[in-house]
Protein chains: 4
Amino acid sequence: MNLEDIASGPLVLINFKTYLEATGKLAVELSRKIAEVGRKSGIKVGVAPQFCDISHVAAQEDVLVFSQHVDAIEPGAFTGHILAESLKAAGASGVLLNHSERMIRLNEVQRAVNRSRELGLLTVICAGNADLAAAASLMKPDMVAIEPPELIGSGRAVSKEKPEVIENSVRKIRAVNNSVRILCGAGISTGEDVYAALKLGAQGILVASGVIKAPNPAQVVADFCEAARRFDESS
Amino acid sequence: MNLEDIASGPLVLINFKTYLEATGKLAVELSRKIAEVGRKSGIKVGVAPQFCDISHVAAQEDVLVFSQHVDAIEPGAFTGHILAESLKAAGASGVLLNHSERMIRLNEVQRAVNRSRELGLLTVICAGNADLAAAASLMKPDMVAIEPPELIGSGRAVSKEKPEVIENSVRKIRAVNNSVRILCGAGISTGEDVYAALKLGAQGILVASGVIKAPNPAQVVADFCEAARRFDESS
Amino acid sequence: MNLEDIASGPLVLINFKTYLEATGKLAVELSRKIAEVGRKSGIKVGVAPQFCDISHVAAQEDVLVFSQHVDAIEPGAFTGHILAESLKAAGASGVLLNHSERMIRLNEVQRAVNRSRELGLLTVICAGNADLAAAASLMKPDMVAIEPPELIGSGRAVSKEKPEVIENSVRKIRAVNNSVRILCGAGISTGEDVYAALKLGAQGILVASGVIKAPNPAQVVADFCEAARRFDESS
Amino acid sequence: MNLEDIASGPLVLINFKTYLEATGKLAVELSRKIAEVGRKSGIKVGVAPQFCDISHVAAQEDVLVFSQHVDAIEPGAFTGHILAESLKAAGASGVLLNHSERMIRLNEVQRAVNRSRELGLLTVICAGNADLAAAASLMKPDMVAIEPPELIGSGRAVSKEKPEVIENSVRKIRAVNNSVRILCGAGISTGEDVYAALKLGAQGILVASGVIKAPNPAQVVADFCEAARRFDESS
């Protein structure tokens, strides 16, 4: 998938976290199915597996692979850190930054975005509310993802429970950055949630347990993609 | 390599850190050469590549693969963390913990050792001096590695510059733990350094820049293994 | 109170945390009452107020004042850190280290103990279980405090709910350190809890909500001191 | 000093860090002299002493007292943390946040600003460059302080060495926040440096070693205030 492609059409991005259901071979298998759903639907899909799984997942076609984190470091003596060059070599196309489960300092966000850009890695900065999302947008990432922490993993979708969070975020982000793409996350579990998010001004969604913990993850992604396609055609 | 093997004979363990010379394909290539040196010399060798490279490095025979870190977590919602199950699935045999460039809290050391043991991963806790090494030994890891931080990357070997640190550490560790294997590191760059370390009571060495930054890393490892073999035969 | 005094007789140490009931003037008032209880009972009492309150609390006689934390730093450019010299100048007699709500890295524990000793500050390292307490004891603090994190603030006393934790800790600590004094904490709320702790081999207790959140904190401390006196006389 | 006062005229804010020259009684003595200089010059001065010294320093008139940090917490079980209520009770008028020696996560910056505002504490967010300063401004603090980390403690003033950093910062901050006051820091050591900073659009300066490590700190502050007064009259 060409990186420029993300500039058109919604993105469905699935964070594998450290769920056992999405670790090792299961990560590769799940990515294969998600890629297939994406291919069929024509909607761009991405996955964020654990570091050890990136290279095998990236061997799949038609799926963007994001790292769940990158450290704001140069190559060198940094035992146990995540080096952007290593992610690139493994086949990652992008990185998540500042997820609510892996938050980093403001200046590290900036340096990690800059290091990623140097290597041609897409960046998604996560933020818990509208002001944080606007601040994140000033770091010039490719995308920001708005995820109210209290809804993460709740099954109550931000796009339905707190539509004003998304509307406010879109407004505040656009006041300072016209080009950053806006994802929304937290609690997304149905195609309706996805449709609502896109209607509120998001260009994609970030989801984890809503897919990984579902009885049939590929079916859930298919529902998401179908909703995204429906929105795309209507707009 | 059988994990029980580490109980007999010295171990030469090479930390790849986030050096560009040991990232991606270069990590695999370097591991291949190191494995070959180990095979020829009959000395056990191990490598600690970056997370993304573990699975490809672990495809090599005759080399133990260590992760540079593991988080003290269970599977679940921990975006951007290092899960023991993920390391195991990628083929790691063990983990480094508390390296001076990735230090963790005392209780995290304990939990990370316990989680690793549950999964059959060998543990090496790094410590900067004798008392810390003794405290680390109470966490019941398989190995402790003594590395005075001021000598790391210095080219001045702990076994020559501060032999008393190793002697003290061996004495203090043995006062509280009879079975843990003791590695020593920091500044090791020649076979003589390795021989001196083993003579002082270490059962192996932990090294990084002394190998990775050398003009001919495989030759350095061969010198280390030769010194280790010589010591082994003389003892 | 002379620092050598802590070597004889049990210590009742009360952590004020950041409870509003023990902030500012309320901290000074509470300390005055606790000092009075200690004076009357003949039992040594200590308090650990917030940093801003140390100097005013330390103006009380007959109460040892502990800081809730100290950073492992020398004087210099460390904005927002806790310098041992500053605690000493404010009148503190000692410091808590590695409380479960403010855990630090293993090497920082050691350096903070050493820095405190340089300045004549008593040290209490907190630890959540027997092995951690033994490891902490190797850092040569004046005291260790065993507090199973799951019982902190629970109202269920470690000395009653998990007596084996204290017994194990005493045994494991004494195997490596004969002179460190052992406090126990977590869930202590009655004189009986205190008596039980001392009977199990502790030389004092560390308590917070059991006192601060009680309707009559001074009365609770009086009950603790009475139980400690009773134990002291019987032994 | 009335808090509204900071809205008019430049502010000279002096960070005491954990310098021994500004610890305990020396902190109080230095603050007294600084207050006197401020009073004579008619320029607003502020100091940021260590936590333990806040209450005694705040007993001085005519000097604003800032804490060097505050944690993003509510009152409760947070041993070793800095509670806004405690700072307020000690007499602080404001807080520094995210100093380069005590950086915090983006969401903590926001919550710490909000907690401080609830209690009527002024907020100064430190930032190392123009984009970070603009992002910080979106958190709606009372002030932002631009301090390129490479110049901190260097004796080379940002206002002379990197005037473009201040100009860019002012421009980028004003694009998103019209009312936040802008301080500049790093390397300031002469009245000329102060004048240059104000001329570039700053409303005050943040300084540490340039004052604390000077042979005659009060004289340096007097020079700063004189330069500020001169600028104020000319504008």
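How many strands make up the closed barrel of chain C? The barrel has eight strands, in the order β1-β2-β3-β4-β5-β6-β7-β8, and their pairing is parallel. Let us take a walk through this structure, starting with how to read it.

The model is predicted: local features need pLDDT of at least 70, side-chain atom pairs count only at pLDDT 80 or more, and totals for chains, interfaces and linings use all residues. Residues are numbered from 1 along each chain as its sequence is written, while chains are lettered from A and ligands numbered from 1 in the order in which they are written.

**The barrels**

Helices (H or I, at least four residues) and strands (E, at least two) are DSSP runs, numbered from the N terminus. Two strands pair if DSSP finds at least two bridges between them. In general, the strands of a sheet pair through backbone hydrogen bonds, in either a parallel or an antiparallel way.

In chain C, the twist from one strand to the next averages 25°. Angles here run from 0 to 180 degrees between N-to-C directions, and axes are lines fitted to C-alpha atoms, for helices over the stretch in contact. To see one pair of strands, find β6 (residues 143-146) and β7 (residues 181-185) of chain C, which are joined in the parallel sense by four bridges. Within this region, C:Ile146 sits opposite C:Cys184 of β7(C). Outside the strands, helix α4 (residues 106-118) of chain C packs on the sheet and touches β4 (94-97) and β5 (122-127) of chain C. The direction of α4(C) makes about 175° with that of β4(C).

Chain B also has a closed barrel of eight strands with parallel pairing, running β1-β2-β3-β4-β5-β6-β7-β8. Its twist averages 25° from one strand to the next. Here you can look at β4 (residues 94-97) and β5 (residues 122-127) of chain B, parallel strands that share four bridges. B:Leu97 has B:Ile125 in β5(B) as its bridge partner.

**Helices side by side**

Two packed helices are described by the angle between their axes and the distance between the axes. Here are two such pairs.

| Helix pair | Angle | Distance between axes |
|---|---|---|
| α1 (residues 25-41) and α10 (residues 217-234) of chain D | about 25° | 9 Å |
| α5 (residues 130-137) and α7 (residues 163-174) of chain A | about 30° | 8 Å |

Angles under 35 degrees count as roughly parallel, over 145 as roughly antiparallel, 65 to 115 as roughly perpendicular and the rest as oblique. The helices α1(D) and α10(D) are therefore roughly parallel. A crossing is left-handed if the near helix is turned anticlockwise from the far one by less than a right angle, and right-handed if clockwise; α1(D) passes α10(D) in a right-handed crossing. Among the residues that make this contact are D:Leu30 and D:Ile34 of α1(D), and D:Val221 and D:Ala222 of α10(D). Two residues are in contact if their C-beta atoms, placed from the backbone, lie within 7 Å.

In chain A, α5(A) is roughly parallel to α7(A) as well, and their crossing is right-handed. The contact includes A:Ala130 and A:Ala134 of α5(A), together with A:Val165 and A:Ile173 of α7(A). By class, its residues are five nonpolar, three polar and two charged. In this scheme, Ala, Val, Leu, Ile, Met, Phe, Trp, Tyr, Cys and Pro count as nonpolar, Asp, Glu, Lys and Arg as charged, and the others, Gly among them, as polar.

**Where the chains meet**

Chain A meets chain B through 37 residues on each side. On the chain A side, α2 (54-57) and α3 (84-90) are the elements that give two or more residues, and α3(A) gives the most, with five residues. This side has 14 nonpolar, 17 polar and six charged residues.

How does chain A fit onto chain B? A turn of 180° with a shift of 0.0 Å along the axis lays one on the other with an RMSD of 0.0 Å, which is the relation of a two-fold axis. The C-alpha of A:Cys52 is the nearest to the axis in chain A, 2.3 Å from it. Copies are superposed by least squares on the C-alpha atoms of residues with pLDDT of at least 70 in both.

Chain A also touches chain D, with 16 residues of each in contact. The helices α4 (106-118) and α5 of chain A each supply at least two residues to this side. Chain A and chain C, in contrast, do not touch, and their nearest C-alpha atoms are 16 Å apart.
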